[in-house]
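Trainee: Could you walk me through the side-chain contacts in this one?
Mentor: Gladly, let's put it on the screen and start from there.
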Amino acid sequence: MSHRPFPGRRSVLRGSLAASAALTLPTALGSAPAFALSGRPKAGWGVQAGDVTCDSGLVWVRSDRPARMIVETSATASFRNSRRWRGPLLGAGTDFTGTTRLRGLPSGEQIHYRVLLADPDDPRRTGEPVTGTFRTASARRRDGIRFVWSGDLAGQGWGINPDFGGYTIYNAMGKLDPDFFLCSGDNIYADGPITSSVVLPDGSTWRNITTEEKSKVAETLAEFRGNFRYNLLDDNLKRFNAQVPSIIQWDDHEVTNNWYPGEILGDTRYTEKNVDVLAARARQAFSEYFPISTLRRPDGRVYRTVHHGPLLDVFVLDMRTYRNANSPDNQTTDAQGILGAEQLRWLKGELARSRAVWKVIASDMPLGLVVPDTGDGMPNIEAVAQGDPGNPLGRELQIAELLRFIKHRRITGTVWLTADVHHTSAQHYQPSRAAFADFEPFWEFVTGPLNAGAFPASALDDTFGPERVFVKAPTAANVSPAGGYQFFGDVEIDGHSGELTVRLREQDGTVLFTKVLQPGRVGQ
């Protein structure tokens with residue numbers, strides 16, 4: 001593999017918020033008043049690439065005014081013999097964001113790209129180009145693959161802190177020179193306002209950069225858009241985006257905490273109580289701010305398969321949009337579950353068709369970790385497991401059906417990756433320990449947060465026989481990033497042996513736990 005240098009929880013925080021001045025950015029930074037700006041179009045929010053395959057990829061940009069997006073690609077940073085791609089016209093309807101699909105790219109090669117923004121009335125007037133790079137997936141198995149994953153950014157009131165250098169975890173991930181970054185959800189905390197400062201337990205102060213859109217819970221489309229822009233104020237993230245392509249999924253905080261379709265909120269901070277209305281606005285902003293291949297489809301879905309050559313397929317799940325209502329989750333029949341019937345059929349079909357050595361199931365929530373939803377005072381369940389160690393109940397029934405399918409169809413090389421619970425751990429699921437035993441053993445790896453409150457380890461549910469082989473978590477709830485416990489993981493697939501190595505890492509890249517898995521096996 002070639003290497004390039006990289007330059008150097010769930011509850012919303014309600015208490016310990018101290019007022020202070022400074023670090024507040026004006027709304028004007030997030031707006032683009034058409035025809036009111038002089039000069040040439042500017043792309044101050046950086047560039048991103050996403051859903052890169054052997055021969056294609058998506059490139060994203062945001063302009064400060066109406067502009068035509070133009071992408072040039074080349075095999076070298078000098079852009080000799082470049083190829084030009086005419087992208088969309090960027091306007092207010094998409095918050096001046098746009099994505100251009102690049103097709104017919106060479107496999108296993110470093111692609112250099114630059115985005116030009118042209119005045120729609122005078123195409124000769126272009127702004128300063130913004131550059132980025134990514135590697136296409138290799139069609140040759142021997143080249144190997146390396147990627148990183150994590151989730152949960154700017155949660156519980158912990159935002160961009162200039163005293164800590166901002167989101168420095170992106171520098172540690174970038175130094176590994178990954179082929180891509182898998183974000184397992186909670187890319188924003190739309191339900192989590194960010195104040196200018198927070199008093200920490202030791203009496204010191206955590207300072208945040210703040211914006212008007214982050215001063216309250218997001219309800220309007222403009223406020224959701226402002227939440228996505230907020231993270232792009234961080235130079236570490238913008239630099240990472242320009243160097244490492246992404247595979248993005250969403251979870252709950254892109255909309256509001258623990259949401260499900262049809263929910264009516266009781267949270268007094270909201271004037272719009274209908275979650276379906278909020279989710280539609282959030283989905284539009286989400287689709288505008290990330291390069292995701294399936295969001296332009298008529299169904300606008302998040303779930304998809306990203307093929308990364310002969311070694312890897314990534315199955316990106318959406319455990320939010322199609323789920324049933326959160327409940328005690330102890331029903332004995334459940335056709336809808338957490339995926340919905342259609343997504344489950346899709347996942348079975350994609351797994352059965354996959355010829356990749358490894359099949360990473362990117363889940364936005366863990367399987368055997370109990371994640372409660374007590375927001376309305378009821379003992380409801382937010383994820384899959386409900387704590388009953390017996391036979392599958394509720395949403396576990398759908399997961400049991402999937403695990404049984406994987407076993408009986410002899411599908412090899414499945415690994416589950418997730419985030420969500422704001423600590424890092426490795427669970428091995430073994431039928432000999434389980435109440436439900438009609439499946440083959442498998443591993444689930446949990447990491448995160450990227451920059452959010454850290455929380456104690458979740459309880460395990462024994463239905464699928466999990467053993468927690470490793471965990472690192474605080475004993476107190478909502479530990480700030482200043483207290484540590486910020487995590488990511490990396491996965492490396494050797495092109496010769498086919499072995500898959502998972503490493504769970506600290507914020508600075510220090511390895512905490514390593515597990516090597518062998519290829520070609522139905523169970524691990």
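Mentor: What follows is a talk about aromatic pairs and salt bridges, and please keep in mind that this is a predicted model.

Trainee: OK, how many aromatic pairs are there?
Mentor: The count comes to 26 aromatic pairs. One of them is Phe228 with Tyr289, a stacked pair at 6.0 Å centre to centre with 10° between the planes.

Trainee: And where do Phe228 and Tyr289 lie?
Mentor: Phe228 is in helix 2 (residues 221-231) and Tyr289 in helix 4 (residues 275-289), so the pair ties together parts that are 61 residues apart in sequence. Phe228 and Tyr289 are both buried, and they belong to one aromatic cluster together with Trp60, Trp250, Trp259, Phe286 and Phe290.

Trainee: Switching to charges, how many salt bridges does the structure hold?
Mentor: It holds 32 salt bridges, among them Arg135 with Asp177, whose closest N and O atoms are 3.3 Å apart. Arg135 also forms a salt bridge with Asp179, where the closest N and O atoms are 2.9 Å apart.

Trainee: Is Arg135 buried or exposed?
Mentor: Arg135 is buried, with a relative accessible area of 6%, and Asp179 counts as buried too, because its relative accessibility is 7% and the cut-off for buried is under 20%.

Trainee: What about Asp438 and Lys407?
Mentor: Their side chains meet in a salt bridge at 3.1 Å, N to O, and this pair links distant parts of the chain, 31 residues apart. Asp438 is partly exposed at 22% relative accessibility, and Lys407 is partly exposed at 23%.

Conventions:
Residues numbered from 1 in each chain as written. Predicted model: local features only at pLDDT ≥ 70, side-chain atom pairs only at ≥ 80, totals over all residues. Heavy atoms only, no water. Phe/Tyr/Trp six-rings, centres within 6.5 Å; stacked < 30°, edge-to-face > 60°. Helix = DSSP H or I, 4+ residues; strand = E, 2+ residues; numbered from the N terminus. Buried < 20%, exposed > 50% of the residue type's maximum accessible area, 1.4 Å probe, protein only. Salt bridge = Lys/Arg side-chain N within 4 Å of Asp/Glu carboxyl O.
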